[in-house]
Amino acid sequence: MSKTENNEKTTSNEDWRTKLTPEQFHVTREQGTERAFSHPYHAEKSEGMYRCVCCGAPLFSSDTKFDSGTGWPSFTDVAAADTVTTHEDNAFGMRRVEVRCANCDAHLGHVFPDGPGENGLRYCINGCALELDTDAGSGKTSG
């Protein structure tokens, strides 16, 4: 059974702490945010599939990545319709839409309606919440 087939939503915080770095744990399990421009994925140009750092689920193709100038990896779309979930986030007095991994419920970042793609979305994702799989080629999903 692959790690994306397991029900990762039942993993305890203690188990996550042993698997993740302190920054990855803070971002993915405590809804934190890494500093802008602090993770190398904001400028990464390699082809591949960006996977959830917690469970390995495919989330974003490099084909949809673009430089938003924000300092975080940004994407115009998800790898497949069921890879992420979205939730209203009113923390810090702001109205935003949080993006989570549909498989393990990891906090990934936020989605905004100011993207350059056909759907006009900008998925602004914490680099430490991702793991780039360059063995996946361009990251294109079949469909």
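A salt bridge is a side-chain nitrogen of Lys or Arg within 4 Å of a carboxyl oxygen of Asp or Glu. Arginine 51 and aspartate 133 fit that description, with their side chains meeting at 2.9 Å, N to O. Please keep in mind as you explore that this is a predicted model. A search of the whole structure finds six salt bridges, and an open sheet of six strands is here to follow as well.

**The six-stranded sheet**

- Let's begin with the strand order, which reads β3-β4-β8-β7-β6-β5 across the open sheet, with antiparallel pairing.
- At the edges sit β3 (65-66) and β5 (84-89), each of which pairs on one side only.
- As general background, the strands of a sheet pair through backbone hydrogen bonds, either parallel or antiparallel.
- Inside the order, β4 (residues 74-75) and β8 (residues 122-125) pair in the antiparallel sense over two bridges.
- To see this pairing in the model, look for phenylalanine 75, which stands opposite tyrosine 123 in β8.

**The β1 and β2 hairpin**

- Strand β1 runs antiparallel to strand β2 (residues 58-61), and three bridges join the two.
- Across this pairing, arginine 51 stands opposite proline 58 in β2.
- Five residues lie between the strands of the hairpin, and glycine 56 takes a positive phi near 85° there.

**Salt bridges, one by one**

- Arginine 51, already met opposite proline 58, also forms the salt bridge with aspartate 133.
- This pair links distant parts of the chain, since arginine 51 belongs to strand β1 (residues 49-52) and aspartate 133 to strand β9 (residues 130-133), 82 residues apart.
- Arginine 51 has a relative accessible area of 24%, so it is partly exposed.
- Glutamate 30 forms a salt bridge with arginine 17, and their closest N and O atoms are 3.9 Å apart.
- Because glutamate 30 lies in helix α2 (residues 22-30) and arginine 17 in helix α1 (residues 13-19), the pair ties together parts that are 13 residues apart in sequence.
- Glutamate 30 counts as partly exposed because its relative accessibility is 40%, whereas arginine 17, with a relative accessible area of 52%, is exposed.
- The cut-off helps here: exposed means over 50%, so arginine 17 falls in that class.
- Another salt bridge joins arginine 96 to aspartate 89, with the closest N and O atoms 3.3 Å apart.
- Both arginine 96 and aspartate 89 are buried.
- Glu98, Arg100 and Asp105 are joined into one network by salt bridges that share partners.

**Two residues with an unusual sign of phi to look up**

- Phenylalanine 37 is not a glycine, yet it has a positive phi of about 65°.
- You can find phenylalanine 37 in the loop between α2 and β1.
- Its relative accessibility is 49%, so phenylalanine 37 counts as partly exposed.
- Aspartate 105 is not a glycine either, and its phi is positive at about 70°.
- The loop between β6 (96-101) and β7 (107-112) holds aspartate 105.
- Aspartate 105 counts as partly exposed because its relative accessibility is 29%.
- Aspartate 105 is also a member of the salt-bridge network with Glu98 and Arg100.

Key. Residues are numbered from 1 along each chain as its sequence is written. This is a predicted model: local features need pLDDT of at least 70, side-chain atom pairs count only at pLDDT 80 or more; totals for chains, interfaces and linings use all residues. Side-chain values use heavy atoms; hydrogens and water are left out. Two strands pair if DSSP finds at least two bridges between them. Helices (H or I, at least four residues) and strands (E, at least two) are DSSP runs, numbered from the N terminus. Buried means under 20% relative accessible area, exposed over 50%, partly exposed in between (1.4 Å probe, protein chains only).
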